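User: I have a model open and would like to talk through how its parts fit together. Could you take my questions one by one?

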Amino acid sequence: MAVELSTIKHLCELSKLDYDEAGMKKVMGEMSDIIELMDEIKAFDLVYDDTKDENEISLSDTREDIAEESFPTEKLLSNAENTDGCYVVPKVVE
Amino acid sequence: MDIKRTNIRALRKALDSKEISAAELCGEYFKRIEDADPRLLSYITVTKEKALQDAEKAQAVINAGNSAPLTGIPLAVKDNICIDGVRTTCASKMLENFIPPYNAAVIEKLNAQGYVLLGKTSMDEFAMGGSTQTSAFAKTRNPYDLERVPGGSSGGSAAAVAAGLAPAALGSDTGGSIRQPASFCGVTGIKPTYGRVSRYGLVAFASSLDQIGPIANDARDCALLLNAICGHDRHDATSANVDTPDFSEKIGKPISGLKIALPKEFFSDAVEPAVKQHVLDASKELEKRGAVLVDCSMPGLKYAVPAYYLIACAEAASNLSRFDGIKYGFRGEGRTYEELIRDSRSRGFGEEVKRRILLGNYALSSGYYDAYYKKALALKQEIIKEYNDIFGIADVILTPTAPTPAYKIGEQDNDPVKMYMADICTVTVNIAKLPAVSTTCGYTENGLPVGMSIIGRRFDETTVLQVADEWENGFAPISPKL
């Protein structure tokens, strides 16, 4: 199935990704081939039944909701590009 | 001391008998890394200074006679496992300068035994690939033939162990990323049952499938490492609160009467004849040693690759949405918040990662969710049922680990579909959350290793390691010339 340009553009919106014109053409071809492979699953004649899922996570295993010491702020900020005691980003409100 | 293909038990003896000190031992590995890694490209970061400090601490423990199995043992760690203060890149430009502020749970456990970190090994970017050629920093080569891929995504770990640049390493496995490179590089690797090992501190690719595990020279070393890293962890709600056995407990015990299933779909025309023959020959040898071979079928395998990629990519699209260039990671340019995020992601991620994010969002988006994602979940239920049926008549399952031996670098670069189909032998194990070990069962005419996988029931790692060890006892591995 050939994927339409509008579909790829929509997926780029959802994925927060941009391609230039050549990149868009290339990824359209690749995604068409990949989705053709994924389409094979449509021939499988069973329906998902969420009651049959094995629930392996026991909710009773969660810890008490008590605040615990976390990582030092300076250590976390050390990986940020621009810091001034906080994360610096472009203006969000024009 | 000749460190090439030396197992951890031999190193333990050498350290405890003072034949070699912990510092001298890691010095030997660094010499080997300096000599061979410019050709092999298995490491992204080598941690020489830290290693010597770790070795000094370990030596004090050894001198006091308090050694744990891994005290002073040098190990390599895949570059998607966080180590406090050590650069962890996931082989991506996105995390080129990322230094984690904490240790993964498995690293805390290794630290408790006093291991020595040699460095961080290369991988496919964000563990997405089977060749280690999507790494942004070190496109690892196969030590048996430098023109071929080492497999992936834990290709750096497998190549380093095979070539004697580490006695063992940690990898991670989402769809075969420990077993397939172990197969291509002629070493042994185990993907534990989902939940056996904490994922805390493993950079997430597909959270319902990811699992950390060891790659080593043999099944006994894998058992030893698994003993060290397994167990419930309060930081990972999906880590299982179950008893942890000694994973060596069945090693050396006879396999007589053990039922080994051979699902016919794993021996189809999609698998190269030489690979098929080596695995079938190994099954006959195990039969001679007392195992009982059982024929069976797994019809769902036909749809396993699309089911796996739909689930894995859907989870990846969500997991990788955290990489926006704001708090950490590569930061692009932009006049607005939106432009900044889009530029950071478009230039920070490589092409394969971007393709998988697009596919994941396709599977999850309105209008396609039922047709793709929910269908993949139905397949998951079917595959689990088919495995349960087989485990009703057999104790373990034997399959090829990969349809081919290691292929030439560049051979699959422009064909994502071909690359995805190469995962056919491994992905169902992750979907069904089972343990599986890959060990070498032969070599092709041109000297490339061929791996076979032994798959077990959930939380039955001891039996798959028992069978792998039984096979390895009668097998003479050939080391790479590198």
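User: Which residues touch the most other members of the largest nonpolar core?
Analyst: Happy to help, and please keep in mind that this is a predicted model. The largest nonpolar core holds 172 residues. Among its members, those that touch the most others are Leu75(B) and Leu310(B).

User: Which helix gives the largest share of this core?
Analyst: One element of chain B supplies twelve residues, the largest share of the core. That element spans residues 304–319 of chain B and is helix α9.

User: Which residues does Leu75(B) touch, leaving out those up to four places away in sequence?
Analyst: Leaving out those sequence neighbours, the partners include three leucines, Leu110(B), Leu117(B) and Leu118(B). The others are Tyr115(B), Ala166(B), Ala168(B) and Ala169(B).

User: How are α7(B) and α15(B) oriented, roughly parallel or roughly antiparallel?
Analyst: Helix α7 (residues 219–229) and helix α15 (residues 461–473) of chain B pack with their axes 8 Å apart, at an angle of about 155 degrees. Angles over 145 degrees count as roughly antiparallel. The pair is therefore roughly antiparallel.

User: How many nonpolar, polar and charged residues does that contact of α7(B) with α15(B) have?
Analyst: On α7(B) the contact involves Ala219(B), Arg220(B), Cys222(B), Ala223(B) and Leu226(B). From α15(B) come Glu461(B), Leu465(B), Ala468(B), Asp469(B) and Glu472(B). By class, that gives six nonpolar, no polar and four charged residues.

User: Which helix of chain A gives the most to the side that touches chain B?
Analyst: Here 39 residues of chain A are in contact with 49 residues of chain B. On the chain A side, α1 (5–15), α2 (21–39) and α3 (73–77) each supply at least two residues. With eight residues, the one that gives the most is α2(A).

Methods: Residues are numbered from 1 along each chain as its sequence is written. Chains are lettered from A and ligands numbered from 1 in the order in which they are written. This is a predicted model: local features need pLDDT of at least 70, side-chain atom pairs count only at pLDDT 80 or more; totals for chains, interfaces and linings use all residues. Axes are lines fitted to C-alpha atoms, for helices over the stretch in contact, and angles run from 0 to 180 degrees between N-to-C directions. Helices (H or I, at least four residues) and strands (E, at least two) are DSSP runs, numbered from the N terminus. Angles under 35 degrees count as roughly parallel, over 145 as roughly antiparallel, 65 to 115 as roughly perpendicular and the rest as oblique. Two residues are in contact if their C-beta atoms, placed from the backbone, lie within 7 Å. Ala, Val, Leu, Ile, Met, Phe, Trp, Tyr, Cys and Pro count as nonpolar, Asp, Glu, Lys and Arg as charged, and the others, Gly among them, as polar. A nonpolar core is a set of buried Ala, Val, Leu, Ile, Met, Phe, Trp, Tyr and Cys residues joined through C-beta atoms within 7 Å. A residue is buried if 20 or more other C-beta atoms lie within 10 Å of its own, exposed if 12 or fewer, and partly exposed in between; C-beta atoms are placed from the backbone.
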